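Colleague: Hey, got a minute to walk me through this one? I'm new to it, so plain words please.

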Amino acid sequence: QVQLVESGGGLVQPGGSLRLSCTASGRTFSGYAMGWFRQAPGKEREFVAVTRWSGGRTYYADYTDSVKGRFTISRDSVKNTVYLQMNSLKPEDTAVYYCAAADKRGVVITTPGDFASWGQGTQVTVSS
């Protein structure tokens with residue numbers, strides 16, 4: 001059974017940085033895509049970034065005022081951990097951030113329904 005545990009959230013001032021971690025267990029993830037999503041109060045869960053566990057290809061959300069250029073997704077296969085480095089944080093980045101795993105090919109996997117396993121989420125609050 002896949003288990004995903006996020007950590008690293010917290011309160012940060014605008015312009016600051018945080019690094020989220022997602023430790024995965026329960027199976028071999030070599031054929032998986034690992035993604036980060038976020039959900040702000042009253043809003044739908046939205047895609048942030050995704051990476052292939054093998055090879056490390058990445059894809060980022062590309063909507064208006066998105067995270068591209070500010071956030072970086074990466075993985076450490078030895079530690080079975082996926083990271084989301086978040087820089088130049090803005091108040092609108094405030095949300096619960098979720099890690100998710102998808103047993104699918106390709107890297108452009110952005111729909112929550114494509115991810116079968118989810119972590120419990122970690123709160124990120126950007127405020128002065």
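Modeller: Sure, let's start with a charged pair: Arg38 forms a salt bridge with Glu46, and their closest N and O atoms are 2.6 Å apart. By salt bridge I mean a side-chain nitrogen of Lys or Arg within 4 Å of a carboxyl oxygen of Asp or Glu. One caution early on: this is a predicted model, where local features need pLDDT of at least 70, side-chain atom pairs count only at pLDDT 80 or more, and totals for chains, interfaces and linings use all residues. Residues are numbered from 1 along each chain as its sequence is written, and side-chain values use heavy atoms, with hydrogens and water left out.

Colleague: Why would side chains of opposite charge pair at all?

Modeller: They can do that when their charged atoms come close.

Colleague: OK, and is Arg38 buried or exposed?

Modeller: Arg38 is buried, with a relative accessible area of 6%, while Glu46 is partly exposed at 29%. The cut-offs are under 20% relative accessible area for buried, over 50% for exposed and partly exposed in between, using a 1.4 Å probe and protein chains only.

Colleague: What else forms a salt bridge with Arg38?

Modeller: Asp93 does, with the closest N and O atoms 2.9 Å apart. That pair links distant parts of the chain: Asp93 sits in the loop between β8 (81–86) and β9, Arg38 is in strand β4 (residues 33–39), and they are 55 residues apart. Strands here are DSSP runs (E, at least two residues), numbered from the N terminus.

Colleague: How accessible is Asp93?

Modeller: Asp93 has 0% relative accessibility, so Asp93 counts as buried. Asp93 also forms a salt bridge with Arg70, and there the closest N and O atoms are 2.8 Å apart. Arg70 lies in the loop between β6 (58–60) and β7 (71–76), 23 residues from Asp93. Arg70 and Asp93 are both buried.

Colleague: How many salt bridges are there in the whole structure?

Modeller: A search of the whole structure finds 3. Arg38, Glu46, Arg70 and Asp93 are linked in a network of them.

Colleague: Switching topic: which residues does a disulfide join?

Modeller: Cys22 and Cys99, with an S to S distance of 2.1 Å. A disulfide is a pair of cysteine sulfur atoms within 2.5 Å, and by this rule the count comes to 1.

Colleague: Where in the chain are those two?

Modeller: Cys22 is in strand β3 (residues 18–25) and Cys99 in strand β9 (residues 95–102), so to speak distant parts of the chain, 77 residues apart.

Colleague: And is the link left-handed or right-handed?

Modeller: Left-handed, with -70° about the S-S bond. Both Cys22 and Cys99 are buried.

Key. Helix = DSSP H or I, 4+ residues; strand = E, 2+ residues; numbered from the N terminus.
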